[in-house]
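Biologist: I have the model open and would like a close look at the first sheet along the chain and what surrounds it. Please walk me through that part, and then help me place it against the rest.

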Amino acid sequence: MEKFIVKDIVDRFEYEVLAGAKGLNREVKVYGLNRPGLELAGFDFEKNNSNRRVVLLSNKEKLFVNTLTDEIKKERYEYILNENIPMIILTEKFTDKVLLTIADKHDCPVVLAKNITTSRLYQVVLEFFDEHFAPIVEEHASLINIFGKGILLKGKSGIGKSEMTLELVKKNHLFVGDDRIIIQQRNNKLYGQSHEMLKNLIEVRGLGILDLSKIYGLQVLLDETTIDLVIELIHLEDEQYKSIDRLGSEYKYIKILDTQVPIVTIPVTYGRNVSELVETAVSKLKLEAAGISSMKTLQDRFKKYSK
């Protein structure tokens, strides 16, 4: 993975660079934002830590700084800027030319975030950090969004994952990726997207590599989706088929990174319309999320007619 640098943050949010432009290639190594109240007061509990968080200065820091003499203020700014911080983000509530002068001396980027509240700034920057610091794993699978749910199609090579994905796309479901799926865990949810090298591409045996953006248009494509259900395709003759719960009373789960995801196993054989079974599995997932269970309906009827 490429280094995550200050310039990535500046470019993403179009921040105005006020000082320290020479340091825009500094690497951001640590997740999070630091409101440096203790540091401005002269205490640094992370003094021996060379990997520091991005610093955020806003109204409460400005109110405190205004209580300091010019000499102490310079001393505290030097103290902070000597500690290998990657950058400082200012809201419009914080202004101080002394900070900019010292930051220029240290080549530490200081940027201004305009027209945004401090709490909202916190949220959007940390969401961006999630994209770079969240744990990642790669799966050999296909990923498609069906009825608003992200479905990871897994199975042995040659079982027909790509063909199944193509059939679902023709039914107006959204294609995310095929063969190499990058999965990231953010805020206890899993998000999947195609490996950049294979974006919009799918391999179908007999047809080769197909670019779905050229065949069906951009309306069938989705850059990223949550992963809500794993569907594993197996051959009817596999030993695994014998262990399938025919009633499907409870979901089994598979662990991806640190998240448990429900998994459904569907046997593949000639004459089975597997794409419709996949759609039905997604509909069942949505119904059960709404508290509607076909298994419970059967149990209720069994009790009624057993009396």
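**A sheet and its surroundings**

Modeller: Happily! The centres of domain 1 and domain 2, taken over C-alpha atoms, are 43 Å apart. Please keep in mind that this is a predicted model. Domain 1 covers residues 6-133 of the protein chain, and domain 2 covers 136-299.

Now for the sheet you asked about. Its 5 strands make an open sheet with mixed pairing, and their order is S1-S5-S4-S3-S2. Strand S1 (16-19) and strand S2 (33-34) each have a single partner strand, so each of these edge strands has one side without a neighbour in the sheet. For S1, the partner is strand S5 (residues 110-112): the two run antiparallel and are joined by 3 bridges. If you want a place to start on screen, go to Glu16, whose bridge partner in S5 is Leu112.

Next, look at what lies over these strands. Helix H5 (residues 97-106) lies across S1, strand S3 (54-57), strand S4 (88-90) and S5. The helix runs at about 85° to S1.

There is also some enclosed empty space to look at. Searching the whole structure gives 2 cavities of 30 Å³ or more, and the second largest has a volume of about 40 Å³. Its lining consists of Pro36, Leu40, Val55, Leu57, Tyr77, Ile80, Ile88 and Leu99. S3 supplies at least two of the lining residues, and so does helix H4 (70-81). As for chemical character, the lining has 8 nonpolar residues, with no polar and no charged ones.

To place this part against the rest, turn to the other sheet. Here 8 strands form an open sheet, again with mixed pairing, in the order S12-S9-S8-S6-S7-S13-S15-S14. Strand S12 (225-226) and strand S14 (252-256) are its edge strands, each pairing on one side only. Further in, strand S6 (residues 136-146) and strand S8 (residues 174-186) run antiparallel and are joined by 10 bridges. Within that pair, Ile144 stands opposite Phe175 in S8. This sheet also has a helix packed on it: helix H7 (residues 161-170) touches S6, strand S7 (149-155), S8 and strand S13 (229-235). The direction of H7 makes about 35° with that of S6.

For a side-by-side view, then, set H5 at about 85° to S1 beside H7 at about 35° to S6.

Terms used: Residues are numbered from 1 along each chain as its sequence is written. This is a predicted model: local features need pLDDT of at least 70, side-chain atom pairs count only at pLDDT 80 or more; totals for chains, interfaces and linings use all residues. Side-chain values use heavy atoms; hydrogens and water are left out. Domain bounds come from an automatic or database domain assignment. Two strands pair if DSSP finds at least two bridges between them. Helices (H or I, at least four residues) and strands (E, at least two) are DSSP runs, numbered from the N terminus. Contact means heavy atoms within 4.5 Å. Axes are lines fitted to C-alpha atoms, for helices over the stretch in contact, and angles run from 0 to 180 degrees between N-to-C directions. On a 1 Å grid over the protein atoms alone, a cavity is a set of points where a 1.4 Å probe fits but cannot get out, and a pocket is an open set with protein on both sides within 12 Å along at least five of seven lines; lining residues have an atom within 4 Å of a point. Grid points are joined across faces, edges and corners, and a volume is the space filled by probe spheres set on the points. Ala, Val, Leu, Ile, Met, Phe, Trp, Tyr, Cys and Pro count as nonpolar, Asp, Glu, Lys and Arg as charged, and the others, Gly among them, as polar.
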